Amino acid sequence: MSKYQNKIKKQYEDKGYFVTSIVRLGDTGFPDLICLKDGKAVWIECKEKNDTLKPLQKYRIRQLRELGFEAFATQDTKGIIY
């Protein structure tokens, strides 16, 4: 888990979420973290400063949003980027 990903994880845990890292699902491109609280799931893709969001990752975020979930990508020093 990257330093930035740990930072985001701690922020959500401090808000009372159960946070787990998505290491490997059957399909690729899903966000790094899933944050669970009160029957709600927030999916977060964490990018380091110089990393880029891949087209498949954008597709998965859109797919999750269409299913009614909160999903986004955040980048170190920039905040939410997608």
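At 10% relative accessibility, tryptophan 43 of this predicted model falls under the 20% cut-off and so counts as buried. The ring of tryptophan 43 pairs with that of phenylalanine 30 in a tilted arrangement, with 5.9 Å from centre to centre and 45 degrees between the planes. The pair ties together distant parts of the chain: phenylalanine 30 comes from the loop between E1 and E2, tryptophan 43 belongs to strand E3, and the two are 13 residues apart.

How many aromatic pairs does a search of the whole structure find? The count comes to 2. Besides the pair of phenylalanine 30 and tryptophan 43, there is one formed by tyrosine 12 and tyrosine 17. Here the rings meet edge-to-face, with centres 5.2 Å apart and planes at 65 degrees. Tyrosine 12 has a relative accessible area of 11%, so it is buried; tyrosine 17, at 14%, is buried as well. Tyrosine 12 also has a charged neighbour, as the charged end of lysine 15 sits over its ring, 4.5 Å from the ring centre.

Back to E3, the strand that carries tryptophan 43. Of the 8 residues of E3, 7 are buried, so the strand is largely enclosed by the rest of the structure. What does E3 pair with? Strand E2 is one partner: the two run antiparallel and are joined by 5 bridges. Within this pairing, cysteine 35 stands opposite valine 42 of E3. Strand E4 is another partner, this time running parallel to E3, with 6 bridges between them. Glutamate 45, for instance, has alanine 73 in E4 as its bridge partner. The route from E3 to E4 takes in helix H2, residues 55-66, and the three elements together make a right-handed β-α-β unit.

E2 has a further pairing, with strand E1 (residues 18-21). These two strands run antiparallel and share 4 bridges, and serine 21 can be found opposite leucine 33 of E2. E2 thus appears in two of the pairings described here, with E1 and with E3.

Which backbone angles deserve a look in the loops? Aspartate 38 sits in the loop between strand E2 (33-37) and strand E3 (40-47). Its phi is near 50 degrees, a positive value in a residue that is not glycine. The hairpin of E2 and E3 has 2 residues between its strands, and aspartate 38 is where this positive phi turns up. Is aspartate 38 buried or exposed? With 74% relative accessibility, aspartate 38 counts as exposed, because the cut-off for that label is over 50%.

Threonine 77 is another non-glycine residue with a positive phi, this one about 80 degrees. Its place is the loop between strand E4 (70-75) and strand E5 (79-80). Threonine 77 reaches 63% relative accessibility and therefore counts as exposed too. Taken together, the loop residues aspartate 38 and threonine 77 are exposed, whereas tryptophan 43 in E3 and the paired tyrosine 12 and tyrosine 17 are buried.

Technical notes
Residues are numbered from 1 along each chain as its sequence is written. This is a predicted model: local features need pLDDT of at least 70, side-chain atom pairs count only at pLDDT 80 or more; totals for chains, interfaces and linings use all residues. Side-chain values use heavy atoms; hydrogens and water are left out. Buried means under 20% relative accessible area, exposed over 50%, partly exposed in between (1.4 Å probe, protein chains only). Two strands pair if DSSP finds at least two bridges between them. A crossover is right-handed if, with the strands pointing away from the viewer, the path from the first strand over the helix to the second runs clockwise. Rings of Phe, Tyr and Trp (its six-membered ring) pair if their centres lie within 6.5 Å; planes under 30 degrees apart count as stacked, over 60 as edge-to-face and the rest as tilted. A charge sits over a ring if NZ of Lys or CZ of Arg is within 6 Å of the ring centre and within 35 degrees of the ring normal.
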